[in-house]
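This report examines selected features of helix packing and residue environment in one protein chain. Please consult the sequence and structure displayed below alongside the text.

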Amino acid sequence: MHRLKKIFATDSYIVPIVAIIMGFLVGAVVMLIGGYDPIAAYSALFKRVFGSPYDFGEAVREMTPLMFTGLAVAFAFRSGMFNIGADGQVLIGMTAASVVGIKLAGTPSFLLVPLAVIAAGLCGGIWAGIAGYLKAKRGINEVITTIMLNWIALYLSNYIVKHFLLLKGQNRSVDNPASLSMTFLNSLFDNARVHWGTALALCAALFFYVFLWKTKQGYEMRAVGLNPHAAEYAGMNVGRNVVKAMFISGAFAGLAGAGEVLGVFHYQSIFAASPGYGFDGIAVALLGLTHPLGVILAAILYGMLTYGSAGMSFGADVPPELIRIVIGSIIFFIAAQGIVRWVLKPFYFKRKKEKVL
Amino acid sequence: MSAAAPVVELKQITKRFPGIVANDAISLTLEKGEIHALLGENGAGKSTLMNIVFGLYQPDEGSIEIDGKPVIIDNPNKAIELGIGMVHQHFKLVDPFTVTENIVLGMEPKKGLKIDYKSAAEQVRKLSEQYGLQVNPNAKIHDISVGMQQRVEIMKTLYRGADILIFDEPTAVLTPQEITELMAIMKRLVAEGKSIILITHKLKEIMQISDRVTIIRRGKVIDTVKTANTNPNELAEKMVGRDVTFKVDKRPAQVGTSVLKMTNVHSKNKDGVSVLNGLNFEVKAGEILGIAGVDGNGQSELIQAITGLRKIDSGSITVSGKEIANLSPRKISEMNVSHIPEDRHKHGLVLDFTVSENMVLETYYKSPYNQSGFLKQDVIDKHAEDLIKQFDVRTPSIENKARSLSGGNQQKAIIAREIDKNPTLLIAAQPTRGLDVGAIEFVQKQLIAQRDQGKAVLLISFELDEIMNVSDRIAVIYEGQIVGEVFPQDTNDQELGLMMAGSLKQGGKAGA
């Protein structure tokens with residue numbers, strides 16, 4: 001109980017909640033200016049998400065890659081790096097899962113599926129590890145290399161699909177026999193594409209927490225992230241930690257790719273542009289204050305808003321793009337915490353006064 | 001002093017920050033032509049007060065009067081307009097610019113559209129002559145000494161018409177000779193009708209130069225006294241709030257075998273400039289070797305070389321007979337070398353780690369803190385609890401971030417951690433920098449206690465008093481070389497100062 005009190009007493013939890021409320025308010029104001037009814041819009045949004053088992057399952061599907069990429073960005077951030085390349089790492093993870101699933105199609109499923117998942121995580125990790133290596137050995141800023149690697153990943157993935165996995169006459173790969181789908185839930189969710197990736201994402205969040213805060217390695221990574229000079233002074237190998245942290249970050253993103261290919265689509269498309277999971281992941285990581293629990297909650301919110309926005313246009317005739325304004329303002333308020341604190345100030349003041357009395 | 005209104009009068013200035021009252025109803029008067037020292041520990045509120053005078057902060061309560069007229073100083077430009085100038089501790093100069101360019105920056109005399117450097121240089125030369133500053137108007141900043149750079153800072157304020165000068169810890173970076181010269185300049189300034197507020201915690205300087213002293217403790221004025229009517233002990237007591245002994249008590253050193261030996265060590269920096277030029281010295285068990293020198297003569301590089309943070313090009317460094325040159329910091333740490341780093345924020349602590357986490361910064365990977373890859377948080381916490389008790393580190397709890405501790409307590413935490421490693425060699429780089437009298441006393445006692453236990457202690461400090469009081473032997477470093485070794489009882493500030501400036505080689509005899 002005491003612990004619970006402590007959690008709610010710190011304003012690090014209050015600020016994001018207030019920021020979310022303020023984000024919704026800003027969205028409402030914009031809707032009013034545009035001549036829409038915000039209450040109808042928001043209720044349509046939530047109705048869409050919770051209205052039917054199918055939609056709820058699909059909303060969960062929407063959240064899953066965001067959990068992974070959010071964790072990826074947050075993990076790198078905790079180790080002092082800005083991984084803008086989660087997008088490319090997702091693509092590499094997808095491609096690895098496709099290659100393993102399709103090329104080893106004869107393998108029994110209880111072996112094939114784990115193999116494909118592991119390959120996705122491993123390749124995503126190595127892809128990010130390249131940026132880590134370049135930073136550690138050559139001092140190249142990871143922001144630049146990860147952006148460059150995003151494009152390389154996009155064209156490399158398309159090349160591999162086009163030349164080795166193509167379904168004749170289509171712009172996609174042949175079907176992937178490895179499946180992460182939770183088919184036993186089909187009746188419950190009315191055939192929504194729910195898959196094991198969601199459970200895997202929750203495990204990843206748990207791993208994130210335990211690894212970073214309970215292990216020796218995690219201690220090193222946090223020290224390197226917060227103060228590389230002190231880490232070096234204390235005898236830690238800064239470069240090695242940078243590579244390791246990027247590897248783990250990339251592995252999270254790679255698993256997102258596995259979830260999409262093996263759990264949702266069961267094939268891989270040739271992408272005209274990058275799917276954007278990685279960039280949403282940055283927003284999710286910021287929204288979740290780069291804490292694993294926060295990231296999961298943020299991904300749930302982000303996924304709900306994104307999925308529900310379709311319902312807004314359907315049910316209330318509000319353009320779904322408006323939800324981007326809500327998401328944008330929430331992130332803005334979280335980044336500009338000063339504004340939130342300013343809004344909260346009168347409440348704090350009141351509380352203090354009461355204490356004095 | 002005349003009956004005229006004081007040049008500056010602060011009335012009941014109060015400034016609150018979340019959680020603390022930085023200035024609590026502070027009143028202070030600065031008379032025309034006086035040097036008024038502001039004395040206080042770190043965090044006592046000196047800087048806050050001066051930032052209010054210079055317009056960087058607004059007081060929550062109280063008022064400021066200049067020449068008897070109430071004023072509101074809401075930004076530094078207003079302060080300059082009112083004739084207030086600040087000589088910052090960290091100089092704000094553009095290195096590749098000349099002295100004149102730096103002084104007129106922002107207030108350039110113009111001739112049409114062009115800046116009239118000729119008349120600017122002439123003005124600078126005149127100012128320099130008037131106050132005996134001897135600055136060459138056309139020299140580039142990076143070619144002149146630190147002392148000269150400080151004079152450029154002084155001239156910047158004078159050029160802007162300052163009558164009230166605030167000096168913030170002006171002697172921290174100067175050699176003894178430069179300090180003497182600065183004192184003369186300050187005397188000259190007041191003789192020319194300027195008034196000076198001197199922020200410092202060096203009692204010696206206050207006694208030498210100030211007319212009056214105001215002592216601040218925890219945001220409150222404790223007393224304002226005439227310097228002539230007081231003495232350093234009384235001032236220190238008022239500042240810290242208890243008795244302070246300046247004499248460092250120590251028994252004669254029981255010198256044992258050689259622990260650290262540096263032989264002909266050479267090292268170049270990134271630009272290929274030689275920073276260590278054949279360095280030779282040794283530190284024996286049971287003694288404190290003090291390295292005296294002006295900042296930037298290879299002290300930092302010397303420590304980096306011993307602790308594995310810098311590669312050396314040639315020579316040998318041995319600890320207890322084993323070669324450690326170019327080993328990794330961890331390997332060296334494991335050979336029982338402890339290091340209290342020069343910059344506690346950059347190297348000594350992870351400021352956003354808890355106190356508890358910081359206490360195992362170098363030992364987290366060892367048993368009992370680490371068991372098969374997992375950290376034993378309860379053992380780590382217990383260890384931290386023990387250390388903060390033993391070394392009197394004041395923190396609300398071990399869960400607080402190191403950032404929230406005061407400078408003195410941060411340093412105590414580092415010292416606790418380093419001494420707890422039970423080193424054979426303890427390297428203390430500027431261990432008392434920025435600390436107040438009470439904390440300095442604590443740190444120095446710890447160093448001597450280590451020596452008495454038979455540890456070898458290497459002390460690097462820019463404070464001559466510290467070197468003289470604490471060391472058993474002194475080596476003077478100049479341009480990456482040891483230019484002389486002396487015993488503290490056989491030397492004096494003057495001789496050391498000359499050696500530090502490179503004008504006297506191989507200690508012992510004066511007259512170079």
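## Crossing of α5 and α11

In this predicted model, helix α5 (residues 86-103) and helix α11 (residues 238-265) of chain A have axes that come within 7 Å and cross at roughly 50 degrees. Because angles from 65 to 115 degrees count as roughly perpendicular and those under 35 as roughly parallel, α5(A) is oblique to α11(A). The crossing of the two helices is right-handed.

On the side of α5(A), the contact is made by A:Ala86, A:Gln89, A:Val90, A:Gly93, A:Met94, A:Ala97 and A:Ser98. The residues contributed by α11(A) include A:Ser249, A:Gly250, A:Ala253, A:Gly254, A:Gly257 and A:Glu260. By class, the residues of this contact comprise nine nonpolar, seven polar and one charged.

## Helix α8 and its buried residues

Helix α8 of chain A (residues 197-214) contains 18 residues. From first to last C-alpha, α8(A) reaches 25 Å, close to the 26 Å expected at 1.5 Å a residue.

The buried residues of α8(A) are A:Gly197, A:Thr198, A:Ala201, A:Ala204, A:Ala205, A:Phe208, A:Phe211, A:Leu212 and A:Trp213. They pack against α4 (53-78), α9 (216-226), α11 and α13 (292-316) of chain A.

## Environment of A:Arg193

A:Arg193 lies in the loop between α7 (142-165) and α8 of chain A. With a relative accessible area of 30%, A:Arg193 is partly exposed.

Beyond residues up to four places away in sequence, A:Arg193 touches A:Glu58, A:Arg61, A:Gly263, A:Val264 and A:Phe265. A:Arg193 and A:Met182 are separated by eleven residues in sequence and by 7.9 Å in space, C-alpha to C-alpha.

Technical notes. Residues are numbered from 1 along each chain as its sequence is written. Chains are lettered from A and ligands numbered from 1 in the order in which they are written. This is a predicted model: local features need pLDDT of at least 70, side-chain atom pairs count only at pLDDT 80 or more; totals for chains, interfaces and linings use all residues. Side-chain values use heavy atoms; hydrogens and water are left out. Axes are lines fitted to C-alpha atoms, for helices over the stretch in contact, and angles run from 0 to 180 degrees between N-to-C directions. Helices (H or I, at least four residues) and strands (E, at least two) are DSSP runs, numbered from the N terminus. Angles under 35 degrees count as roughly parallel, over 145 as roughly antiparallel, 65 to 115 as roughly perpendicular and the rest as oblique. A crossing is left-handed if the near helix is turned anticlockwise from the far one by less than a right angle, and right-handed if clockwise. Contact means heavy atoms within 4.5 Å. Ala, Val, Leu, Ile, Met, Phe, Trp, Tyr, Cys and Pro count as nonpolar, Asp, Glu, Lys and Arg as charged, and the others, Gly among them, as polar. The expected span of a helix is 1.5 Å times one less than its number of residues. Buried means under 20% relative accessible area, exposed over 50%, partly exposed in between (1.4 Å probe, protein chains only).
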